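Trainee: Can we go through this structure by question and answer? I would like to see the reasoning behind each reply.

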Amino acid sequence: AATLREAAAAQGRFVGTAIADGKLSNTTYTNIARTEFDSVTAENVMKWDTLEPSRNSFNYAPGDRLVNFAQANDQQIYGHTLVWHSQLPSWVTNGGFNATELNSVMTNHITNVVTHYRDSIEYWDVVNEVFNEDGTLRGSVFQNTIGQGYIANAFRAARAADPDAKLCINDYNVEGTNAKSNGLYNLVSSLLNQGVPIDCVGLQSHFILDQIPSTLQANMQRFANLGLEVNITELDIRMTLPADSAKLSRQATQYASVVGTCLAVANCGGITVWGFGDVDSWIPGVFDGQGAACLYDNNYAPKPAYNAMLTAF
Ligand code: XIL
């Protein structure tokens with residue numbers, strides 16, 4: 001295959017990227033985005049602070065730009081994300097809502113957003129990052145105010161607004177088998193037992209060079225065995241800067257191994273990278289001294305990781 005999307009499609013998988021709204025006017029960027037990927041995730045513009053910056057006032061223009069881009073390029077859209085403690089406007093966090101009120105604020109947000117994008121979205125990350133590292137539920141405003149039933153409520157509201165979208169739970173540090181992924185496994189098992197509409201698990205997969213979890217496949221398989229789709233949703237593999245050819249070569253091998261793991265799990269729907277160019281990556285801004293985590297370099301030249309991923313599909 002000549003492109004990632006052709007290679008992935010030949011295996012019945014999607015290959016996606018996060019898209020930065022501010023880059024949609026850069027033709028070098030958009031040419032790679034449209035040629036190489038058949039799935040797109042909004043890096044930021046489908047988060048609560050963009051979509052509903054003040055109560056019941058919805059701002060869809062940036063998200064609609066991504067929908068238009070995707071439709072013009074025959075790409076699916078992976079919606080990210082309906083309920084998350086981060087990039088959440090302060091009118092929600094500090095609104096002083098009681099449980100009934102916050103539940104209605106949350107379901108109103110979900111109903112509006114999911115209805116607006118009903119005909120264009122394939123997947124929704126309904127809840128994002130709801131776990132602590134020890135596998136207990138994070139003390140977000142939703143958890144602290146409504147209690148853990150907010151998660152089931154969120155999935156039910158999303159299903160009611162779009163019966164066709166696949167509804168996912170997404171998190172980080174849940175790629176290998178550990179306390180956090182055990183918490184995730186227990187939660188989704190119990191949601192399924194209660195008949196809560198959940199279709200998929202997203203493993204963010206913000207990996208560190210030389211530290212891809214050895215239990216990735218076994219962990220993906222246990223979610224698959226529950227009947228769920230399991231996707232790699234935000235892949236990047238960061239290294240301590242400066243990059244050198246030895247590190248880039250190991251990074252390439254490790255990108256290929258993640259592809260191989262997805263292909264080895266029948267219910268792995270696909271892989272999304274969290275941006276394709278190092279120049280756009282969120283990593284250097286958040287992890288001091290780390291970077292070079294993506295498939296393309298700062299000038300959008302393909303790195304060894306790109307060729308390894310292409311070959312691995
Ligand atoms: C990040 C974006 O890449 C940044 O541009 C933004 O400033 C913060 O959020 N987990 C997620 C993503 O689910 O939404 C985050 O994206 C990265 C970590």
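Mentor: A crossover is right-handed if, with the strands pointing away from the viewer, the path from the first strand over the helix to the second runs clockwise. Keep in mind that this is a predicted model.

Trainee: Which helix lies between E5 and E6 in the β-α-β unit?

Mentor: Strand E5 covers residues 166-171 and runs parallel to E6, with four bridges joining the two. The β-α-β unit they form is right-handed, and its helix, residues 179-193, is H9.

Trainee: What is the bridge partner of Val201 in E8?

Mentor: E6 is also joined to strand E8, residues 229-240, by four bridges, and these two run parallel. On the E5 side, Asp171 has Leu203 of E6 as its bridge partner. On the E8 side, the partner of Val201 is Val230.

Trainee: Which residues of E6 are buried on each side?

Mentor: In a regular strand the side chains alternate between the two faces of the sheet. Strand E6 spans residues 200-203, and both of its faces are covered. One side has Cys200 and Gly202 buried, and the other has Val201 and Leu203.

Trainee: Which helix gives the largest share of the largest nonpolar core?

Mentor: That core has 91 residues, and Val201, Trp124 and Met309 are among those with the most contacts inside it. The largest share is seven residues, and they come from residues 149-161, helix H8.

Trainee: Which residues does Met309 touch, leaving out those up to four places away in sequence?

Mentor: Met309 is one of the buried residues of helix H13, residues 304-312, together with Ala305, Tyr306, Ala308 and Leu310. The cover over the buried residues of H13 includes helix H1 (4-10) and helix H11 (245-264). With that sequence limit, Met309 touches Leu4, Tyr255, Ala256, Val259 and Leu295.

Trainee: How many charged residues are in the shell around the ligand?

Mentor: The ligand is surrounded by Glu43, Asn44, Asn128, Gln204, Glu234 and Trp282. By class, this shell has one nonpolar residue and three polar ones, and the number of charged residues is two.

Trainee: Why does Asn59 count as partly exposed?

Mentor: Asn59 sits in the loop between helix H3 (48-51) and helix H4 (61-72). Beyond four places in sequence, Asn59 touches Thr50, Leu51 and Pro53. A residue is buried at 20 or more C-beta neighbours within 10 Å and exposed at 12 or fewer. Asn59 has 14 inside 10 Å, so the class is partly exposed.

Key:
Residues are numbered from 1 along each chain as its sequence is written. This is a predicted model: local features need pLDDT of at least 70, side-chain atom pairs count only at pLDDT 80 or more; totals for chains, interfaces and linings use all residues. A nonpolar core is a set of buried Ala, Val, Leu, Ile, Met, Phe, Trp, Tyr and Cys residues joined through C-beta atoms within 7 Å. Two residues are in contact if their C-beta atoms, placed from the backbone, lie within 7 Å. A residue is near a molecule or strand if its C-beta atom, placed from the backbone, lies within 6 Å of it. Ala, Val, Leu, Ile, Met, Phe, Trp, Tyr, Cys and Pro count as nonpolar, Asp, Glu, Lys and Arg as charged, and the others, Gly among them, as polar. Two strands pair if DSSP finds at least two bridges between them.
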